[in-house]
Structure formats: structure tokens, C-alpha cells
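Please look over the sequence and the structure shown below before reading on. The report that follows takes up a buried side chain, then a sheet with its helices, and then the chains as an assembly.

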Amino acid sequence: MSPFELLEPASLDEALAALDPSDPQVRPIAGGTALVLMMKSRVFRPQRLVSLRRLNGDLRRVRVDDDGTLRIGALASLSELERSPLVAKAAPVVAQALRTLSNVRIRNVATLGGHLAHGDPHMDLPPILLTLGTRVRASSPTGERWIDLADLIVGYYETSLRGDELITEIAIPPLAAGTRAHYAKHTALSADDWPAVGVAVAFRRENGGLRDARVAVSAATERPIRLSAAEAVLTEGGGPETFAHAADAAADEVQTLGDLRGSAAYKREMVRVHVRRALHAADASTEGR
Amino acid sequence: MQTSGTITIGAQRADVYAFVSDPQRLATCIPGCSDLKEIEPGKYAAVLSNKVAFLSVKFDVVVQIVREVPNEAIDATITGNPVGLAGRLEARAGVRLADADGGATQIAYDVDLGLTGKLGGLGQPVFKAKSEELSRVFGTNLKAAIESSSGARA
Amino acid sequence: MAGVKTPPATDVTAVPALDALREVSRNVKRVESVEKVTGSAEYIHNLRLPGMLYGKIVRSTVPHGRVVSIDTSAALAVPGVHRVITGADVLTLVKNPHYGPAFHDQPILAVDKVRFVGDPVAVVLAADPHVAEEAADLVEVTYETLEPVFDEVAAAQPGAPIVHDELKPAGTFTDLKYLAGRSGTNIALDAMVRHGDAEAAFARADRVFEETYRTGQVMHTPLEPLVSVAESRAREELIIHTASQSPSFVRMEVSRLLGWPENKVRVRTAYLGGGFGAKLYIKLEALVAVCALLVRRPVKISLTMEEQFLMITKHGTTVKIKSGVTHDGTVIARRTETYWNGGAYADIGPRVTQKSGFTAAGPYDIENVSMDSFACYTNLPPAGALRGFGIPQLVWAYESHTEEIARELGLDPVEFRLRNALRDGRPHATGTIMENARIVDCIENVAKRLEWEKPFERGSGPIKRGRGIAVGFKASISPTTSVAILNVYGDGSCGLHCGTVDMGQGSDTAMAQVAAEALGIRTEEVRVLHPDTDMTPYDMATLGSRSTYHMGNAVRLAALDARRQLIALAAQSLGVPEDQLACKDGAVSASDGRRKTFREIFVDRFGMQAGNVVGFGTFAPEYEKADPKTGQSPNITPFWMVGATGVEIEVDTETGRITVTKMVTAGDVGRAINPEIVVRQLDGAAIMQLGATLFEQMIFDGGQVVNASLADYKIPGIHDVPHHIASDLIEVPHPRAPYGAKGVGESGTFGVSPAIANALADACGVRVRELPLTPERVLRAIRSKSGDPLEEA
Amino acid sequence: MADGRRTIRFTLNGTAVAADVAPHENVVEVLQNAFDLYGARESCGQGLCGCCTVVVDGTAVSGCLFLASSLDGTTVETVEGLSDGKNLDPVQRCFVENSGFQCGFCTPGFIMMTKQLLAEHADPSEEQIRDYLSGNLCRCAAYPDILRSVQAAAKARAGGGDRVNAIS
């Protein structure tokens, strides 16, 4: 690594002021598990890093609003979420996915805000959070705005965040009673590998049909995205055939990118298999509320 | 890694060819291309800078035209080094022209890009995604530039 | 000290019965246990010396090219850069800077050509490793590119781009000298075996089977990446500290390069954080040596995990096999053609080609065999030995093939193997009569462990279950020499000077046990000195599971020599004839109960606790080199290693993912010196090969390895370990081995890959003939068979 | 550019210490450069193998990805802090007794992770052990013995009377 200026502001305002929207070599750093990798490989050589480690308070808090919204401070570590009874209650599918997300040491320091802001399409949580209607709050020296997670990650490692914006909070709206959700992670190499395909689903059953069906995919695509054609199919029924049709629709619509974990064709097929399996698994889950 | 595609341009083949065979004009359509200089006939030096996410990548490249068939095809090789980072870029690019409906011209392009060194190890999908995006931008730029310069219908 | 005595290799008494052994066969805890669990074990990785510079290698970015110019000015301008060394600087010290164990083909730094993406071109030296790294990126190298060749079969064809203008055999191995001066070819070595008349036998066979099997490049990924440090305190003196499996060879080779006598070069090592063949022969040592001599300061080069992938790999292979079989299931003819992708430099590839190549027809009694084995140069990173010395690639081919034949003929695969197995007393294809090779025992053991006779649960839904077995064998590498010294000190404790490198296999413990057994003391009383060519005598290398047998014999002979001297001294003190004295429990005792502890023996002799008794042992097994035209030899190996694997797997037929639920290994070990450690060697080897079977593969794009990190090149983690894993020791003592013990570090790898592929065929009826068995490859095979192929990638 | 070196203060294995670090140095470097501690070592360099595991403020982290500057004000424990030089920590002892290692390069990392596992799950199931240690790699594949070592350590701890301290 090469030398750089490291700032460790003690308040959010100071942190925001230290960012420089005109200089891509100024970056915020939280857990650093992803950014330091890029610095070590020297493809990223920062001029200045703004460490968020001294920021506290709401930025690290996990709470549930009066209206049931799960509010997660962006600097909460993935381990904290894994252990949080609030997360386990409000979004059990998130807690489940965290158990096999990377490894304990990474989860101990990686933050949810960093996980989302990095824009890496291979992450486990973005597709899940997409199915849960998640929004993120982005703060800047001039104010703040809420961004739909679907609009946050716009490309491979690319987000719609401006250079002087930080994710400060992640909000997951209350799930309607009876929502069932599941995340299917397909690894192609060792068991502890990154996902070759990640599929998240959520829906609830009502009067024999499915409501609020959401299907999202990651790792196989340029960015985590919802699959609207599959979701549309799911409004048509609720049995195994519907699940199979939705899986086919997902495979038809998804634009997969091949990599060393599988060709685009293989990943498309894995989207089909795992959408179907995830739907069945969600349906069978007792964790739905 | 390979990228290919087609662009339909509302201009005559001769006009399109005149444009794409003029490196100075073509360079204006390549995202991040600057400082184009002819170093010998058919051989040009240029700088390519691009952002892949928040990473800035800059290459010093040499473009060599290896085949020209007027109004039909141009093939070029592009070799270069990333600035300040061990590695090498090597690409073969080909352009084929064909008549399209309504007096338009279709450009079919294919690029075979190889990266070695640090960037080669970084992960091809990043560059694959990026090169597809760049191709799209290039196509849009090219269409706009030719159509406006040849005064043809948009 | 007296000169090294060389007792004849046959000076080995009959192997004692198990109940006569006190130290051998005991589960002694590893001697270095406390250091390893407290983090204080010494690795060269940790070494820092005053004034030391760190070197960062500038590497070729083209797979094949001529170096036109190297511009170091920008790198030199970086504050803190001490110097940039290029091939031209190397030439000022070393006239011919090419090294290698089999061929002198690898330059210390590129002098004219580069031959793979990653080939070292220059080294930047700085006191701060970050500075060296930064500046290395600023060295500008211009190349004239040449056409590359990557595939081993393509490289062997006439007209392929030529990687080396001329073959330059090293001369270390006299049997390779005939290759000198060959040019215009990428075939560095063509080894052959002819036994009977294969062509005639194919003509009369009832059935003929022919297939091609392939494996990809795999990397050792020792967790302590390759590291070497050199220092030169005085003129014409050089100390190399290196994480090496072969310090003796390093000294020889660096001395040769510098034109110095061996006694001016000292090579030492410490514990190795894994080796597996990656740290063999000579790797970074010549480079750090030259750097240190040029700048007169200590220089350390420590590779990153990423760079390791550019240093050494396991050969990718293409194996073509043809078999002629009779209706009753007897294999009467087999022809094999093996192409080894050796990469840009031969390393030990030619030895792999030759020594493993002659086992390519498998552990079967086949009357007509023809084997050709080609070491091929390509423009990929060099390939060498990786836990098995090429055997796993060959077993992959012949055990997949054997299974295919059995299934095709409707024969039980276990029975088919037993029917054709090579038994003791029968000639191997090289003409060597088999002895002490428990091939049948190993097959029977894993079949029993899998309860092969019983019905098998086949799975349900998309999950299909299958089981498979495979057996492989290997000849120990010969001829090689080991020398040991056992130094008994005045208080009766001892130091064992032995060049075997403990890289995790437990050799320090095993050698201490052998020495203790022979001398009649406790293992804990033996201290094993780490290899240091100034203090430990010659050993060929720690490789190919040779140490237990070769060094074990040398250590035993050294201990017996010391014991004889102690008895002689005690005989004088006690006034009892030597032949009436026994040596045990740290003392020499007479039948009347009088005894002298070792310390007392020294005190009696020197009047105080003083002096040494030094025992020497040299071991070099008998061996007859093979006729190069026919591969025939009456004694091709000192011993045979055999390993068999049985697996049960689950296949997800919708994703292609294989889960190994049970893996059993049987290893023919002769006798286990430390049964617990031996079982772990078998288990560990099997798990390592499991990675190479299911997912490990270096992926190249235009010669660039694109997955050179543990993020993208995955190795087995704890979740990949089958829930049921067991290894059995087949113990029939080998008469010429120390206490009957044979080498075992590689046996666990042999059968894993084909056993899994055979289980896949058993589960789903598909045969995949290329490793690794990635989910995509498996799914494609399943879908093709069901007539619904996946679209092309 | 100025190298931006600064002095950090933290508690290392129970002792208050200070070190002069550059912003681009990581925890492994500062432990080796300033304190001659080599138990945490860099191998994969990507937080995946666990060889560089140290415990910062009670949680295990990958020292190779953790900027040394960020240690300022923290409490750090390394494998060297587990034993007093005479007595082994019970986890270490169980690794010795069950031969939970071969080459030993990954061993301190496995031991530090086991310490945290047992601090959080006194009686872990085999799956919990596997989940917890899935980010530690052993190329010698001593995994079966590592599993046994961890199970033995859990049992030793349950048996009481041993000095098994929760990390932090």
C-alpha cells in the first residue's frame, strides 16, 4: 500500500466535511474489509481516507420504530445484526443469511452501510434487502435524502451515492403479517465461497394466492436486481406450478454475467433452480410472520 | 474477453467510412480518449482514462491500423500499459460496414481485450461490465457525431 | 571427526516385531507442539536482519516475448528505493545465470526472453517493502511480443511456437544428458516404456477402449508463501535463509551459479508453513543471493499469495489411454500417452514425466504395455511436483478408465480391479518384480469400509447418491542419498543432525523416534537440528515421501553407529566384552545387572562430563536406471507406495454440486513410526486432493492467471471436509525400510479424484473426464445425457 | 506526500503500549515491527485464511485488513498473550493433545478463533464449530484434528477448574 492521509473525525458533520465530491481518491472507510483489499492490490490508491470508526450513537444503533420499521445505523457491524434480537424478529431471513456471509472476522468489522455502499454485486444481503423494500438514508453536508435500495446500486461497484454522501441509516419497513422469506446461496467452489448466485424471495399468502411477491438475484448479474417478470407470475397462483413458472420467467429475464464460478448460461440455470427452491423453502418456513 | 455489437447510423457508407477511418475524429467518440498523436503512418499514440466505479484507470496506448478495406472494414490492434501499475492491455478491434435499410449504414464491431498484471487479476467481470458500458457510450457518440457531421437525418 | 562411513545399504537387520519396539509405533506428540500453539515456532517468514532490504519482483506482462528495454528511472526516483536489479546486473556476477534441477533453463532474471506472464524481469530493493512495491509498478519494460503456446498437446506438435531455443539438461541427472542440444521442440523429455507387444494384443483383444482424460493446473498454496533471505557478511561468504524443502540442492546450485565451492555457501531453513512440493529445488534463492551480493546488504524476498501462483504449479495433463480386454475381464494390453504441461521452465517436470510416467498404466498386471510420457514446455507458469509427483493426474486417468471398462463389461469394479491387480512376485511393466506393494489389501480395505457388498441407498428427488473407489501406486524417487549424524553429548542427551525439512509432516518427531529406538533412549531426549548445510549433512530433499525410508535408514544407521561406540566405551569401563552388553534406557548394561549411563560412560572415558560420541549414517538405496529405449530395469524403485480411496457422494442433479459424505483411505505404510501422525498425513492428503478434484484450478486468459488469490482460487475449508472421514493403515513391514516404515505423505492423494468421478458415474450415469468436477461441468454432463443440454458458454 | 506517521496507544496483551505507525501499515506489520510478535502472520492477505487473527476489543479481526492506526485506544490480544510462558491456555493444550495442526502456520489463528467461539458458545455443536472456523484455512487439512481439539477444549472448559478465560 502507499501512504495516504487518514482522518478520524469524531462527528458525522466533520466526516461529511472531510469528504471531497470532486476527488475520487477521497473515500470514507468503515470496516475497511473491502476497501483495504483494493488498496493492497494497488488498484485503488487513496489520497485521503475518512475513517468512520469514531462515530457513534444512532449510527451504530439498531431499533424498531413505533410503526414497526427496522432502523439500522449504517455503522452497525454485520455481527451485531447477526446477534440482534430485533433483526431476528423483524427480518429473520437477514439473520439467517448472516450466518454464512463471509466469515466471523469479516462480519465483526464490516458494516451494513459499507456492505451496501461498496456496490459489489456478489454480496449476500442486497438481494434480501431488495425483497424487503429497504431504503437507505444518504447524508451530505447539504442535507439528506432517502434512496430506494433498488436505485442505490447502479452497476458493478457503482452506486448512486455522491462523493460527499454517506449512508447513515438503513430502513426496512415492517413486513406484512405472514410474510415468508428465504435466501438461497449457491456456491460453486468451496463451501465457504462467495455466492455464484444468490436468490432472495419474499411473499405472503392470502386467500390462496400470493401477495407482495418479491424475487431478487445477485452475484449472477451486474448488480443485485429484482426480477419483475417472475414477480408478475407469482400473482397468478400459489402452487408448485406457479413457482416453476416464476422460476422460468426469472431465468428468461435475467441478464447473467459469466465469471470463473460459472458461465452466463450456467448462472441463468442456477437462477431458475434457486428461485424455485427459494420459493418452496420460504413457503415451508415457519419463520414467516 | 470479447465485446461485440452493431450500430445503425443514418449516413452513407462512404461518409461513415470516412469518419471511422479518421483517427482524430474517431477518437472524439471513444470515452476517455485524449492526446491522440500520429507517431508514424497508421500508428497512433493516445491516453485512455476511465473510471471503473471509484477506481481511475489510465492507459498509455498505441493503436496500429493493421487492415483497411475502404468502405468495408478496418482492423486495429491496441497495446498499452496502465499508468503506475504493472500490467498490459492488448486488444484487437474490428469494424465491418454494411448497407442498412433506408440508405443507412450498419457498423458491426468486435473487440477482443486482454489484460495482464494487476488489472488482469482484479476480476474480469468488472472490466467486462465496464467494456460493455463503454461500447454503448461509444456507439451513441459515434452515431451522433457521424449523423451530425454528414448532415443526415437523425 | 572421522570421515563419513558408508555402510552398505543392505546393512539392515530384520525388522523387529511390534512388541519389541519401544519408541517406534508410539504416538509421541509432535516435538514442536508448544512452539506451534504459542506462535513462537520459527519460520523464515519471520526473519529480519539488521540493514535488510526488501525485494519486489517486476514481472513480465506478456506470455512470450523478447525484452527490448527496461527503464528503471521512474522507479529509482521513488524516495527510499535503494536499487533496481535487472538481468544485466545479474550477468556481472553470474556468467550463465540459468538454473534448474533437471534443465538449466530458468534465468535468475530475464536476460533475453520472457516466457510467461509473471516471469521475473527485475527486482526493486528498498528498506520499506511498501516503497519497493510502489516502485516496482514504475519499472517500464518494453517487449517485442512472440506467439505464445499454452496447451500441452498443441505445444508438442510440429510448428508450435518454440519456448526454448535449445534443451539444456542440467547434468545432475546423467540419464538426461542425451537431450543436450536438441532444438526446435517443446518436448523437454520423452520417456517410454515398452513391455510385450501392445499393438498385437489390441488386435486380438475382445474389446478395445480408448479415452482421453485431462486435468487443469493446480497450485500448492502453502500458507507460508515462498520466502528467502540472503546475507553476505564477508567477501566470498553467503548465507541463505530459506523456506526450502531442499537446502542441500540450493547450496549446490547457488555454488555452481557463482562458481564458488560449496563450503562458502551456507543454506539454512526453519519450520516450513507448508511445502507440498512448492518449495523444492531452487526458487527465490539464486535471486536473493545475487541481490545481496550486488548491494552487500541482506535482502529478503517474500512472495504474496498472489505471486505464488506465478512460481510453481502442478502440471495440467492430457492422458490418452487405450486398453485391450478379454471377455472375461482381463486387461491384456494398455497404451498410454501422457502430455505434461510443464509451463515455461522445466523445474522437476522431466523427472515427473519419467518417474511417474512409467506407472501410467496403473497397478495392474498387464502383459502388453506401451507408455509414452512427454514433458512439454508452454508459456504458462512453471509446473513441478505437488504432493504426488504427477501420480494423482495419472491415477485420475487410469482409474477413471478402469472403472469405465468394468461398467461397460458389466463387471463389479472392485472385482475387476482385484482380478487384474499387480501382485507381489509379478513383473511391473518396467520389468521390476513387484514386492511389498499391498495393492490388493488396499482395494479390499476401502471396499470393506464402504460395505461394498451391501445394497446402497440411492437418494431421492434431485439428490442422487453414488459410491466409488480407486487405487493408485507410486515408485519412490531414486537414486537419492541421505546422510545423518547423531551426536551424543557428555550428559547423554543427543542432537540429531539431519537435513529433512519438517514442513508439517512430522519428520522431526519421526526421526527422533527412529534415533531413540536405535539408541535405546526416549524420543523426548533427542533434539532434531534444523537443516543448515554448515551443520547438517547432505540430504537430497524432502520430497516424494522419501524421507521416512531414506533419511529414516540414515538416522537409524547413525544411531546404531553411536550405539556401537557407546557399547565399546562401556565395555572398557565395565570390563565386559561388547557382545555381552545391551544398550537401552539411556545406559549400557551387562547381563549381571551392572550398567553405565551414557553420562557415566563419558565421565569414565574423559574424567568429566565431556566429549562426544558421533554416529554417522549414510543411505543410498540400490537402483538400476532404466533403458531409455524400453524403460526396462530390474530394480526401478526402492519401494512402492500404494493408496486407495473410497467415497460416498451426493449429487445435486439440478445444480451439479457434489458433496462427499464419506471418504475412506487405505495407505500401505509398511509400518507406522507414529500411527497418529501417519493417519493425519493420509487424511490431510485426501482432503487436499478433494480440493483439486472438486474446484481447484488455475484459470488463464491469454496466459494471465485470473484467479491468483484465495478469494478466487478456493481451497478446502472446514465445511468441505466430509462428515465421515477415516484412514486405515495397511501395515506389513518393508524388510529394507527403517523398522519397516515406508513413506506416506502422498498416498492419500492417489485415488481421490477418480473415486469421486466413479461415484458420480454410479450416481447419475455420467462420466466426466476432465478435472475439476465443478458444478457447471457436472451439470452439463447430466443435462447432455438427458438430452437437454445447457446452452454453450 | 507527508508519510503521516503518528503515535498510537493501546493495550497489548494486558500491557499499555505505544507505537509509531504509518497510515498504510496494518496490524500484522505493527505487531511484527514494533513488538516482535510473529504469531499473527499474513498469508492470503485478504482476510480469508485467518492466519493473522487477533482480538481487538473482544472481537476477532483479520490483522492483515485492519489499519494499524485504528488500534489507537483499543485493547488487543494476540496468541502470545494466551500463555504465560510456563502454562498453556487450555485451548492450546487441547490443540497439542489432539494434534490440531501440522505445519503450524495457521494454528495461532485457529486458536484465537476458538477462544472467541468458546466465549460465545460454551458448548458448541459440530456445525457451530464448522461455521465459526469456516474462515480459517489449513492447507495441511488438519481439520478433523482441529475439530477434535475444539471439542476437547469445550469439554475442558465445561469441566471447570481450567484457566479458560473469555477473550476481552
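## A buried lysine in chain C

In this predicted model, the backbone oxygen of C:Ile162 lies 3.4 Å from a polar atom of the C:Lys113 side chain. C:Lys113 itself belongs to strand S6 of chain C, which covers residues 113–114. A second polar contact, at 2.9 Å, links the side chain of C:Lys113 to that of C:His64.

How far away is the nearest side chain of opposite charge to C:Lys113? That side chain belongs to C:Asp165 and is 4.2 Å away, and C:Lys113, although buried, has no salt bridge. Because a salt bridge requires a side-chain nitrogen of Lys or Arg within 4 Å of a carboxyl oxygen of Asp or Glu, the 4.2 Å separation from C:Asp165 does not qualify. When neighbours within four places in sequence are set aside, the residues in contact with C:Lys113 are C:His64, C:Gly65, C:Arg66, C:Asp119, C:Leu146, C:Ile162, C:Val163 and C:Asp165.

## The seven-stranded sheet of chain C

Chain C contains an open sheet of seven strands with mixed pairing, in the order S3-S7-S1-S14-S11-S12-S13. Strand S3 (81–86) and strand S13 (265–268) of chain C are the edge strands, and each has a single partner strand, so one side of each lacks a neighbour in the sheet. On average, and with direction ignored, neighbouring strands of this sheet are turned by 20° against each other.

At the S13 edge, S13(C) pairs in the parallel sense with strand S12 (residues 238–242) of chain C over four bridges, and C:Val267 in S13(C) is the bridge partner of C:Ile240. Helix H7 (residues 247–258) of chain C lies across S12 and S13 of chain C and runs at about 150° to S13(C).

## Helix H4 of chain C and its surroundings

Helix H4 (residues 129–136) of chain C lies across strands S1 (53–59), S3 and S7 (120–126) of chain C, and runs at about 20° to S1(C). At the N-terminal end of H4(C), C:Asp128 acts as a cap, with a side-chain oxygen 2.8 Å from the backbone nitrogen of C:His130.

H4(C) is mostly covered, with six of its eight residues buried, namely C:His130, C:Val131, C:Ala132, C:Glu133, C:Ala135 and C:Ala136. Within chain C, these buried residues pack against S1, helix H2 (73–76), S3 and S7, while in other chains they pack against helix H2 (35–40) of chain A and helix H1 (27–35) of chain D.

## An enclosed helix in chain C

Helix H8 (residues 285–295) of chain C has eleven of its eleven residues buried, so the helix is largely enclosed by the rest of the structure. Among these buried residues are C:Glu285, C:Cys291 and C:Val295. The residue that follows H8(C) is C:Arg296, which has a positive phi, near 55°.

## Strand pairing in chain A

In chain A, strand S3 (residues 48–51) runs parallel to strand S1 (residues 5–7), to which three bridges join it. S3(A) also pairs in the parallel sense with strand S2 (residues 26–29) of chain A, over four bridges. A:Leu49 in S3(A) stands opposite A:Leu6, and A:Leu49 is also the bridge partner of A:Arg27.

## Contacts between chains

Which chains share the most contacts? Of the five pairs of chains in contact, chains C and D do. Chains B and D, by contrast, do not touch, and their nearest C-alpha atoms are 13 Å apart.

Key. Residues numbered from 1 in each chain as written. Chains lettered and ligands numbered in written order. Predicted model: local features only at pLDDT ≥ 70, side-chain atom pairs only at ≥ 80, totals over all residues. Heavy atoms only, no water. Contact = heavy atoms within 4.5 Å. Pairing = 2+ DSSP bridges. Helix = DSSP H or I, 4+ residues; strand = E, 2+ residues; numbered from the N terminus. Axes fitted to C-alpha atoms, helices over the stretch in contact; angles between N-to-C directions. Buried < 20%, exposed > 50% of the residue type's maximum accessible area, 1.4 Å probe, protein only. Lys, Arg positive; Asp, Glu negative; His and termini not counted. Polar contact = N/O pair within 3.5 Å; in protein donor to acceptor, adjacent residues only side chain to side chain.
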